[in-house]
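Dear colleague,

I am handing over a structure for you to look through, and below it I have set out what was found in it. Please keep the viewer open while you read, so that you can find each place as it is mentioned.

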Amino acid sequence: MNLNVQIGSMSLPNPFIAASGTYGYGVEWEGLSTPDEFGAIVGKGIFIEPKTGNPSPRLAETSCGLINSIGLEGPGIDNFINEIVPQMKQLDVLCIANINGDSVAEYGDLARRLDSVEEIAAVEVNVSCPNLESSGMTFGINASSVSEITKIVRSSFTRTVIVKLTPNVTDIRVQAKAALDAGADALTIANTWVGMAIDVHKRTSRIGRDFGGYSGAAIKPITLKLVYEVYKEFGCTIIGSGGIYELFDCLEYFIAGARALMLGTVNFIDPMRMAALKKELAEFLENEKLSLDELIGSYGSSV
Ligand SMILES: Cc1cc2nc3c(=O)[nH]c(=O)nc-3n(C[C@H](O)[C@H](O)[C@H](O)COP(=O)(O)O)c2cc1C
């Protein structure tokens, strides 16, 4: 069964992508998971400079998901290119770099640096991190910042440009249009939702900040709706990301319009889940005598 999908100039052997921040740089999973079976992996978010991230605790499990406040801890672009990329290259999987800036110019600098690193097949422009004070999601809720950042990355990086949107907006089609008009090849819909978890004994947050990014099973229906809205309006290339655990989650995202899927929180529960889902999807399509293309964006079509 052919599961190949095209995202910009990048041809993925299958639509399952490890989501940024939930799979390290892939190399940490040796012996626990099989990244060579994935369509691609997205590395942890990187800035120009190394970052120490937010105060701990950084993770709190809730009944239906996970709240995180990692704050994009990372090694900086020099270490990424010199130390980490050569290790990622050994994994035999397409690598995507998740880029983050404190200014528009920083996004441009990162894209320029990565353009000469041929092992990086695509950049995912993160304008949606909920765990930073002054950049991240602040850029992502402002359509003109989304446009400016996408434009500078587009003019600095010659391969695939993906823009990762925040769901924490009134109408995501506004930010989606800004990114598409500025030259994004694809959109990741979406990053985490802003949430809160309270320690009732201490009457303070269960993570190191008041709010964090909420991911996992609970967000699937609400992120799925955003994928559908954007696909219906623009018919663009979308990577669905939010609460995918089971085959039927994947099918719902494809039917709503997603062409590929990023799986995050589920990797902490079962690092072999992505490879299993790939097999289950192939079997489903074979049994139903369907191609993946026929499924994508098929919401409302008669069966
Ligand atoms: C611990 C953790 C760290 C994350 N770090 C990043 C990151 O560095 N960059 C980014 O764009 N998204 C980050 N995300 C968001 C995920 O990539 C993903 O889009 C989101 O969690 C929704 O998918 P899920 O419900 O399958 O986890 C992170 C999520 C978690 C749970």
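Let us begin with the ligand, where 23 residues stand around it, and among these Ser20, Lys164, Ser241, Gly243 and Thr265 come nearest. Please bear in mind throughout that this is a predicted model. When the residues of the shell around the ligand are sorted by character, six are nonpolar, 16 are polar and one is charged.

Three side chains are worth finding by eye, since each has an N or O atom paired with an oxygen atom of the ligand. For Asn126 the distance from its side-chain N or O atom to a ligand oxygen is 3.1 Å, for Ser241 the corresponding distance is 2.9 Å, and for Thr265 the value is 2.6 Å. Taken on its own, the ligand has 600 Å² of accessible area, and the protein covers 96% of that area. The space that the ligand takes up is the largest pocket.

Turning to the protein chain as a whole, you will find 10 helices and 16 strands in it. Its radius of gyration is 18 Å, which is close to the 19 Å that the globule rule gives for 303 residues, so the chain is as compact as a globular protein of that length. If you lay a box along the principal axes, the C-alpha atoms of the chain fill roughly 50 × 50 × 45 Å.

Finally, some details of the backbone deserve a careful look. The peptide bond that runs from Ser56 to Pro57 is cis, with an omega near -5 degrees, and Pro57 has its place in the loop between strand E4 (40-42) and strand E5 (59-62). A cis peptide bond also joins Ile189 and Ala190, where omega is about 10 degrees, and Ala190 lies in the loop that connects strand E10 (186-189) with strand E11 (193-195). Leu72, a residue other than glycine, has a positive phi, near 55 degrees, and you will find Leu72 in the loop between strand E6 (65-68) and helix H1 (77-89).

With best wishes

Methods:
Residues are numbered from 1 along each chain as its sequence is written. This is a predicted model: local features need pLDDT of at least 70, side-chain atom pairs count only at pLDDT 80 or more; totals for chains, interfaces and linings use all residues. Side-chain values use heavy atoms; hydrogens and water are left out. A residue is near a molecule or strand if one of its heavy atoms lies within 4 Å of it. A polar contact is a pair of N or O atoms within 3.5 Å; within protein, one must be able to donate a hydrogen and the other to accept it, and residues adjacent in sequence count only if both atoms are side-chain atoms. Accessible areas come from the Shrake-Rupley method with a 1.4 Å probe; for residues, only the protein chains shown count as cover. On a 1 Å grid over the protein atoms alone, a cavity is a set of points where a 1.4 Å probe fits but cannot get out, and a pocket is an open set with protein on both sides within 12 Å along at least five of seven lines; lining residues have an atom within 4 Å of a point. A molecule sits in a cavity or pocket if more than half of its atoms lie within 2 Å of its grid points. Ala, Val, Leu, Ile, Met, Phe, Trp, Tyr, Cys and Pro count as nonpolar, Asp, Glu, Lys and Arg as charged, and the others, Gly among them, as polar. Helices (H or I, at least four residues) and strands (E, at least two) are DSSP runs, numbered from the N terminus. The radius of gyration is taken over C-alpha atoms; the globule rule is 2.2 Å times the number of residues to the power 0.38.
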